[in-house]
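Hi,

Here is the structure I promised to pass on to you. Have a look at it first, and then read on for my notes.

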Amino acid sequence: MASTAFRLRRIGAIITISGATLAATATAASAQSNGGDGTALWAARQRVADPAAVVPRRSVQEAALEGTSRVNPLDVLVIGGGATGCGVALDAATRGLRVGLVERDDFSSGTSSRSTKLIHGGVRYLEKAVFNLDYGQLKLVFHALKERKQVIQNAPHLCHALPCMNPCFSWFEVVYYWSGLKLYDLVAGRQMLHLSRYYSVEQSAQLFPTLATKGKGRSLKGTVVYYDGQMNDSRLNVGLACTAALVGAAVLNHAEVVELIKDEVDERVVGARVRDTISGKVFDTYAKVVVNAAGPFCDAVRKMANKDAEPMICPSSGVHIVLPDYYSPEGMGLIVPKTKDGRVVFMLPWLGRTIAGTTDSSTTITMLPEPHEDEIQFILDAICDYLNVQVRRSDVLSAWSGIRPLAIDPNAKNTESISRDHVVSEDFPGLITITGGKWTTYRSMAEDAVDAAIKSGKLKPENGCVTDQLRIVGAYGWEPASFTVLAQNYIRMKQTKGKVIPGVMDTAVSKHLSHAYGSASEHVAAIAQNENLGKRIVHGYPYLEAEVAYCARNEYCESAIDFIARRSRLAFLDTDAASRALPRIIQILATEHKWDKSRQKLELQKANEFLETFKSSKNAQFRDGKHNRK
Ligand SMILES: Cc1cc2nc3c(=O)[nH]c(=O)nc-3n(C[C@H](O)[C@H](O)[C@H](O)COP(=O)(O)OP(=O)(O)OC[C@H]3O[C@@H](n4cnc5c(N)ncnc54)[C@H](O)[C@@H]3O)c2cc1C
């Protein structure tokens, strides 16, 4: 059954590649003009689409990094495994360069798993562009809209278009937002997801039942609905890391750069000293160019090259809270671009729950930023103004904080200006820093960083950038209806009251697997079926035991936290559920990684400590007796 599924998927993948090749014929000219010969792209696509392809083991990746030397260096070593770093590794590897990447914690453990999960063109920048007649802002919007479409195309199983409702409380607002969002459609041109449109009060109430139509001295005049993209950020990030690994990059999570190595003569950065944070082993790895993609920590890396380096990061923190699904309809978000006191407020459906946010406040840089109770209250108060139901503090299932790496270009004339765009800078020979920007633009940020690395290291790539034509692992052979076939093909014999009966896969599970793993969901289903790992790991969520084993084998899932936070999203969705799932997750990971009892105990302790950072001190979900309920 499983091998038939693999064969079907292989045929599907080949058809998809052929289709994509036809579609790409038009863009082939662009690959050529980038210096691409098409062969590298074809080879990369085959490798990524091959259902039998498996990423090299972590030990193999570490050996590849350790095996480098001053005379046999990598072309590019990337520091940081967030969206930017993994994007750089994938871009460089698909240009035929020899690439390594080290990530201190886990892929996406930093800002890249803590975003609002929107793939957006920056509708607010458009407003600034119009009112300030600022062409720079307009260019940002054009750029982001192009990348928005590209991200969705490259990872269709993890990204989708999301309608967002903008409530209007005066006819002026109706005209203002309608014309502004029509302009957003117009600027998007061929990159548009769907046309925006006006809905009357009655239609709006049907589409978003919890939206307040009256109250607070005002009445709704209608809503304007427009489209942006939405993603599962950390799974997309892990997908980028695994795709880079499949095309030859030596990517290693839980490996921290503790020092940069410089050439004694010309002081050029030529490598890094790395500490494997799992084994404690320290080793050196060498590269012609080092790319610093350490997000909010990129100044700390720059200071390893020059302790007097001027900071280029202006950190700003954002908090989100997660609420049950009954606050927002499944397929519609609510965004208030400007509340009475100038804040942005939103409620978005995400993975069967509702995300609300966000705050934007200056912060210090820490590895595990925590939401504060006043920030949680701030969001609750802000959304309550727009709803006809009371949102209770006890409904908050999880809350998290992330740090935006807003960048100041060290080479810019006006150093006061903080850029929402990205900055690529080689302020120390051999060390290229790429930061700023946003998730949506990670691909083009990576392209710019690799171009700079090629120039700095006089590297000889085999072809130009091809990431605008390469999908990520799991995307080839995936169709929106794949979940149906997955459910149809699944037969797991399960024991009920002493009898062995065929078990079926319910739709919630097949949809979840199909979207989270794309065409690789067949592998997960095969593990569930063949290895008796078909049970849900926790009540109320569609995560299967088989996913833990699959992620350990195929996605460098090295700890319980890696699973609850980045492979599944349980920590973000529901801290109590994540806590309840931990014993079983650790049991399965212990089998996969051969952990002894003391390691299992340590994993449980660390994971519970980690979950504390997804609660504020007064989190009403706490059931540990240590915290006050409101
Ligand atoms: C609240 C919030 C909401 C956002 N919402 C959106 C959104 O909806 N859409 C959007 O497009 N963008 C959004 N963004 C922006 C986006 O999330 C970031 O721009 C992006 O994730 C940054 O990615 P990065 O790879 O540069 O940084 P990170 O994801 O932080 O990655 C840097 C990595 O470097 C590693 N590292 C650091 N030091 C070392 C070292 N010494 N050795 C090895 N590794 C190291 C870290 O562990 C980390 O994993 C949001 C940001 C925030 C804070």
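How many residues surround the ligand, and which are the closest? Before I answer, please keep in mind that this is a predicted model. The ligand is surrounded by 40 residues, and the closest are Gly80, Gly82, Gly110, Gly295 and Gly318. Two or more residues of this shell come from each of α4 (83–93), β10 (255–262) and β18 (398–407). Strand β18 gives the most, with four residues. Sorted by class, the shell has 19 polar, 13 nonpolar and eight charged residues.

While you have β18 on screen, look at Ser401, which lies in that strand. Ser401 counts as buried because it has 23 C-beta neighbours inside 10 Å. Apart from its neighbours within four places in sequence, Ser401 is in contact with Arg114, Ser317, Gly318, Val319, Pro369, Glu370 and Pro371. Gly318 in that list is also one of the closest residues to the ligand. Pro371 is 30 residues from Ser401 in sequence, yet their C-alpha atoms are 5.2 Å apart.

Now for the chain as a whole. It has 20 helices and 22 strands, and 52% of its 630 residues count as buried. Among contacts with a separation of 6 or more, 72% are between residues 24 or more positions apart. The largest nonpolar core has 183 residues, and those with the most contacts inside it are Val76, Ala89, Ala244, Val291, Ile564 and Ile585. Three of these names come back below, so they may be worth colouring.

Take Ala244 to begin with. Leaving out its neighbours within four places in sequence, Ala244 is in contact with Cys86, Ala89, Leu90, Ala93, Leu101, Ala249 and Val251. One of these partners, Ala89, is also on the list of core residues with the most contacts.

Ile564 takes you to helix α17 (residues 560–567), where eight of the eight residues are buried. Besides Ile564, the buried residues of α17 are Ala560, Ile561, Asp562, Phe563, Ala565, Arg566 and Arg567, so charged side chains are on the list too. The cover over these buried residues includes α9 (233–246), α16, α18 (570–573), α19 and α20 (597–612).

Two of those covering helices also meet each other. The axes of α16 (residues 545–554) and α19 (residues 575–593) come within 9 Å and cross at roughly 35°, and the crossing is right-handed. On the α16 side the contact is made by Glu545, Val548, Ala549, Ala552 and Arg553, and on the α19 side by Arg584, Ile585, Ile588, Leu589, Glu592 and His593. These residues divide into six nonpolar, four charged and one polar. The spacing along both helices will look familiar: an α-helix has 3.6 residues a turn, so residues three or four places apart point the same way. Ile585, from the α19 side, is another of the core residues with the most contacts.

Helix α14 (residues 507–517) is largely enclosed by the rest of the structure, because eight of its eleven residues are buried. They are Val509, Ser510, His512, Leu513, Ser514, His515, Ala516 and Tyr517. The buried residues of α14 pack against α9, α13 (482–489) and α15 (521–530). Gly518 follows α14 and has a positive phi, near 60°.

A few backbone details deserve a closer look. Most residues other than glycine have a negative phi, and most peptide bonds are trans. Against that background, which residues stand out?

- Gly357 and Thr358 are joined by a cis peptide bond, with omega about -15°; Thr358 lies in the loop between β16 (353–357) and β17 (361–362).
- Leu351 is not a glycine but has a positive phi of about 45°. It sits in the loop between β15 (345–350) and β16, and counts as buried because it has 20 C-beta neighbours inside 10 Å.
- Lys458, also a residue other than glycine, has a positive phi near 45°. Its place is in the loop between α12 (442–457) and α13, and with 8 C-beta neighbours inside 10 Å it counts as exposed.

One last spot is Asp427, in strand β19 (residues 422–428). Asp427 has 16 C-beta neighbours inside 10 Å and therefore counts as partly exposed. Its C-alpha atom is 9.5 Å from that of Ala305, although the two are 122 residues apart along the chain.

Best wishes

How values were computed. Residues are numbered from 1 along each chain as its sequence is written. This is a predicted model: local features need pLDDT of at least 70, side-chain atom pairs count only at pLDDT 80 or more; totals for chains, interfaces and linings use all residues. Axes are lines fitted to C-alpha atoms, for helices over the stretch in contact, and angles run from 0 to 180 degrees between N-to-C directions. A crossing is left-handed if the near helix is turned anticlockwise from the far one by less than a right angle, and right-handed if clockwise. Two residues are in contact if their C-beta atoms, placed from the backbone, lie within 7 Å. A nonpolar core is a set of buried Ala, Val, Leu, Ile, Met, Phe, Trp, Tyr and Cys residues joined through C-beta atoms within 7 Å. A residue is buried if 20 or more other C-beta atoms lie within 10 Å of its own, exposed if 12 or fewer, and partly exposed in between; C-beta atoms are placed from the backbone. A residue is near a molecule or strand if its C-beta atom, placed from the backbone, lies within 6 Å of it.
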